[in-house]
Amino acid sequence: MKLKKFFYLTFLFFIALFIWSENSTLTSKASTKPSSINIFPKQMRGYWYASDGKSKYYMGKKVFEYNNGKHVQKSYLHNLHQQKKYPIGNASLSKKSPTINWLYAYQFKYHGMNWINALVWNSGAGDGTFYNFSKHNGHQVLSTAYGVGIWGTQHYYRSFKLAKQFMHKRYPHYSYYED
């Protein structure tokens with residue numbers, strides 16, 4: 001009888017241990033969940049230049065503009081509370097749609113670095129474009145990347161002169177396209 005009781009209590013102990021470990025795993029996953037942002041961080045705001053002399057970004061509080069010398073794409077950051085009225089991913093590319101130039105964004109950590117993932121409101125699929133702000137060698141750097149693995153990193157600087165100076169610079173912990 002004592003042996004049955006011992007096995008029964010051991011069985012209950014392992015079930016309790018299993019339930020406790022599952023709850024702690026869920027809690028840790030929830031704490032690393034990406035969080036939606038309503039404005040771009042202060043350190044990312046302003047103009048950012050590429051080494052080609054044509055491409056540049058402008059980030060305002062809620063405005064995002066990309067200019068590659070041939071065309072300008074201006075988008076506006078919106079919060080996710082508006083998705084009830086304007087569903088995300090409805091693939092409406094109509095010029096009459098108010099969401100044609102809308103973005104939504106998430107902030108998260110990937111390999112110990114803070115990233116913002118900006119996605120087009122009407123896109124039905126895709127990973128968006130990832131943006132990271134950092135300082136390297138005393139200079140502010142805006143890094144962009146694409147895809148699930150956050151690869152194809154390109155760097156933008158506060159001036160064209162700095163962008164030209166560091167055009168071939170590779171920083172650790174980023175994934176670059178190999179030419």
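This report walks through a predicted model of one protein chain, from its overall layout to its pockets and a few single residues.

**The overall layout**

Let's start with the big picture. The protein chain is built from two helices and 10 strands. Reading from the N terminus, the order is α-β-β-β-β-β-β-β-β-β-β-α. The chain has 179 residues, and 34% of them count as buried. As for how the chain folds back on itself, take the contacts with a separation of 6 or more: 43% of these are between residues 24 or more positions apart.

**How confident is the model?**

Across the protein chain the mean pLDDT is 82, with 77% of the residues at 70 or more. That confidence isn't spread evenly. Helix 1 (residues 2-31) has the lowest mean, 51, while strand 2 (residues 46-49) has the highest, 97. Within residues 23-31 the pLDDT stays under 50, and the model shows zero contacts beyond four places in sequence for that stretch.

**Two pockets**

Now for the empty spaces. Here are the two pockets side by side.

| Pocket | Volume | Lining residues by class |
|---|---|---|
| Largest pocket | about 480 Å³ | eight nonpolar, seven polar, four charged |
| Second largest pocket | about 320 Å³ | 12 nonpolar, seven polar, one charged |

The largest pocket has 19 lining residues, and the ones nearest its centre are Ser51, Thr153, Gln154, His155 and Met167. Which strand gives the most to the lining of the largest pocket? That's strand 10 (residues 151-157), with six residues.

The second largest pocket takes up about 320 Å³. Its lining is made of 20 residues, with Phe64, Leu103, Val120, Thr129 and Tyr131 closest to the centre. Several strands pitch in here: strand 4 (63-67), strand 5 (72-77), strand 6 (102-110), strand 7 (113-120) and strand 8 (129-136) each supply at least two residues of the lining. Strand 7 has the largest share, at three residues.

**Three residues to look at**

Leu142 is a good one to find first. You'll see Leu142 in strand 9 (residues 139-146). Is Leu142 buried or exposed? Its relative accessible area is 0%, so Leu142 counts as buried. Leaving out residues up to four places away in sequence, Leu142 touches Met44, Trp48, Tyr57, Met59, Tyr131, Asn132, Gln154, His155 and Tyr156. One of these partners is Tyr131, which is 11 residues from Leu142 in sequence and 6.8 Å away in space, C-alpha to C-alpha. Tyr131 also turned up above, among the residues closest to the centre of the second largest pocket.

Next comes Ser134, which sits in strand 8. Ser134 is buried too, because its relative accessible area is 13%, and the cut-off for buried is under 20%. The side chains of Ser134 and His136 are joined by a polar contact of 3.0 Å. If you skip residues up to four places away in sequence, Ser134 touches His139, Gln140, Val141 and Tyr174.

Last is Asn90, found in the loop between strand 5 and strand 6. How does Asn90 count, at 39% relative accessibility? Asn90 is partly exposed, because 39% lies between the 20% limit for buried and the 50% limit for exposed. Along the chain, Asn90 and Asn122 are 32 residues apart, but a separation of 5.5 Å is what you find between their C-alpha atoms.

Methods: Residues numbered from 1 in each chain as written. Predicted model: local features only at pLDDT ≥ 70, side-chain atom pairs only at ≥ 80, totals over all residues. Heavy atoms only, no water. 1 Å grid on protein atoms, 1.4 Å probe; cavity = no way out; pocket = protein on both sides within 12 Å on 5 of 7 lines; lining within 4 Å. Points joined across faces, edges and corners; volume = space filled by probe spheres on them. Helix = DSSP H or I, 4+ residues; strand = E, 2+ residues; numbered from the N terminus. Nonpolar A, V, L, I, M, F, W, Y, C, P; charged D, E, K, R; others polar. Buried < 20%, exposed > 50% of the residue type's maximum accessible area, 1.4 Å probe, protein only. Polar contact = N/O pair within 3.5 Å; in protein donor to acceptor, adjacent residues only side chain to side chain. Contact = heavy atoms within 4.5 Å. pLDDT = per-residue confidence, 0-100.
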